[in-house]
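Student: I would like to go through this model with you, one region at a time. Could you take my questions in turn?

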Amino acid sequence: VSTFVAVEARCPRCGHTFSAEAATGLHVSRMPEIRARILAGTFHRFDCPACDQSVVLHDRTFVYTDFDRWHWITCYPRGGLRYRSALHAQAEEAFDQVLRREGPAFVREEWAPRFVRRVVYGLAALREKLLVLEAGLDDRALERFKWMLVRDVPLSPFHPDVDLLFERVDGDGLVFVHVGLPGPEGLRVGRELRVARAGFDALEAGVGPEDWRSLMLPDLPLPEAGAGVDPPMPTPVGR
Ligand SMILES: [Zn+2]
């Protein structure tokens, strides 16, 4: 059963406070519309009754469970990342208590091992995790791949407030949204970045791409002779 509590929300624009419903536990197998709202970015989002400004409850902790897909995802506020070891242990403890200690035998023996357990920090990270798992990608390999991209591609400073979020698979590419540091008015601009999937596949298989620049260039067949295009091949040695 999904559980909600009434919380006081404060509008960042006009300062009005109003009562809103915040989740403490989500059973999306029973409420698939909640999953749809997370994916649409409308979950924990309310309109201020005074000025219509969209207000998002960012700083809530809740457990997201999906017994159809075997997902057990603990969502902490974005700032929780700096306490990740402690929070991870807390999430594991909650899982152990519910599924390994207090549950009946079939829950402990058959259900518990099937769950993909993850900890995420913030609603955007939860949405991304659902997209990545749905796309059948190894989410941890994808995080390593993102780390490599942020480090090596001149997008913006290598900074914990920069986001690089998986959005979708697009043919032989992976599409991410890169969100840079906040600008002068606190606005963060996101833009899409499409990267060849081959680099990720190589990383997931345990080998890196032969040349990281290949992540940004298409892999084309050699042009045929006489097609009016010189293949960009090096001149043979000794010619
Ligand atoms: Zn308002």
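**The metal site and its surroundings**

Tutor: We may begin with the spacing of the zinc donors along the chain, which reads C-x2-C-x33-C-x2-C; bear in mind throughout that this is a predicted model.

Student: Which residues coordinate the zinc ion, and at what distance?

Tutor: The spacing C-x2-C-x33-C-x2-C describes the donors of the zinc ion. Coordination is through the SG atoms of Cys11, Cys14, Cys48 and Cys51, at 2.3 Å.

Student: What arrangement do the 4 donor atoms make around the zinc ion?

Tutor: Four donors count as tetrahedral if all angles lie between 85 and 135 degrees. Because the 4 donor atoms around the zinc ion subtend angles of 105 to 113°, the arrangement is tetrahedral.

Student: Is Cys14 buried, partly exposed or exposed?

Tutor: Buried means under 20% relative accessible area and exposed means over 50%, with partly exposed in between. Cys11, with a relative accessible area of 0%, is buried. Cys14 has a relative accessibility of 39%, so Cys14 counts as partly exposed.

Student: Which backbone nitrogen lies 2.9 Å from a polar atom of the side chain of His44?

Tutor: His44 sits in the loop between α1 (32-40) and β3 (45-47), and at 2% relative accessibility His44 counts as buried. Beyond its neighbours within four places in sequence, His44 is in contact with residues including Glu21, Ala22, Ala23, Arg37 and Leu123. The backbone nitrogen at 2.9 Å from the His44 side chain is that of Ala23.

Student: How many of the 12 residues of α4 are buried?

Tutor: Helix α4 covers residues 123-134, and its end C-alpha atoms are 17 Å apart, which agrees with the 16 Å that its 12 residues should span. Among the buried residues of α4 are Leu123, Glu128, Lys129 and Leu133. The helix is largely enclosed by the rest of the structure, because the number of its 12 residues that are buried is 9.

Student: What positive phi does Gly136 take?

Tutor: Gly136 comes just after α4. Its phi is positive, at about 75°.

Student: Which side chain is joined to that of Tyr76 by a polar contact of 2.9 Å?

Tutor: Tyr76 belongs to strand β6 (residues 71-76) and is buried, with a relative accessible area of 5%. Although Tyr76 and Val120 are 44 residues apart in sequence, their C-alpha atoms are 6.2 Å apart in space. Leaving aside neighbours within four places in sequence, the contacts of Tyr76 include Leu87, Gln90, Ala91 and Val120. The side chain joined to Tyr76 by the polar contact of 2.9 Å is that of Gln90.

Key: Residues are numbered from 1 along each chain as its sequence is written. This is a predicted model: local features need pLDDT of at least 70, side-chain atom pairs count only at pLDDT 80 or more; totals for chains, interfaces and linings use all residues. Side-chain values use heavy atoms; hydrogens and water are left out. Donors are N, O and S atoms within 2.8 Å of the metal (3.2 Å for Na, K and Ca); water is not among the atoms, so sites may look incomplete. Four donors count as tetrahedral if all angles lie between 85 and 135 degrees; four count as square planar and six as octahedral if opposite donors are over 155 degrees apart and all others between 65 and 115; anything else is irregular. Buried means under 20% relative accessible area, exposed over 50%, partly exposed in between (1.4 Å probe, protein chains only). Helices (H or I, at least four residues) and strands (E, at least two) are DSSP runs, numbered from the N terminus. A polar contact is a pair of N or O atoms within 3.5 Å; within protein, one must be able to donate a hydrogen and the other to accept it, and residues adjacent in sequence count only if both atoms are side-chain atoms. Contact means heavy atoms within 4.5 Å. The expected span of a helix is 1.5 Å times one less than its number of residues.
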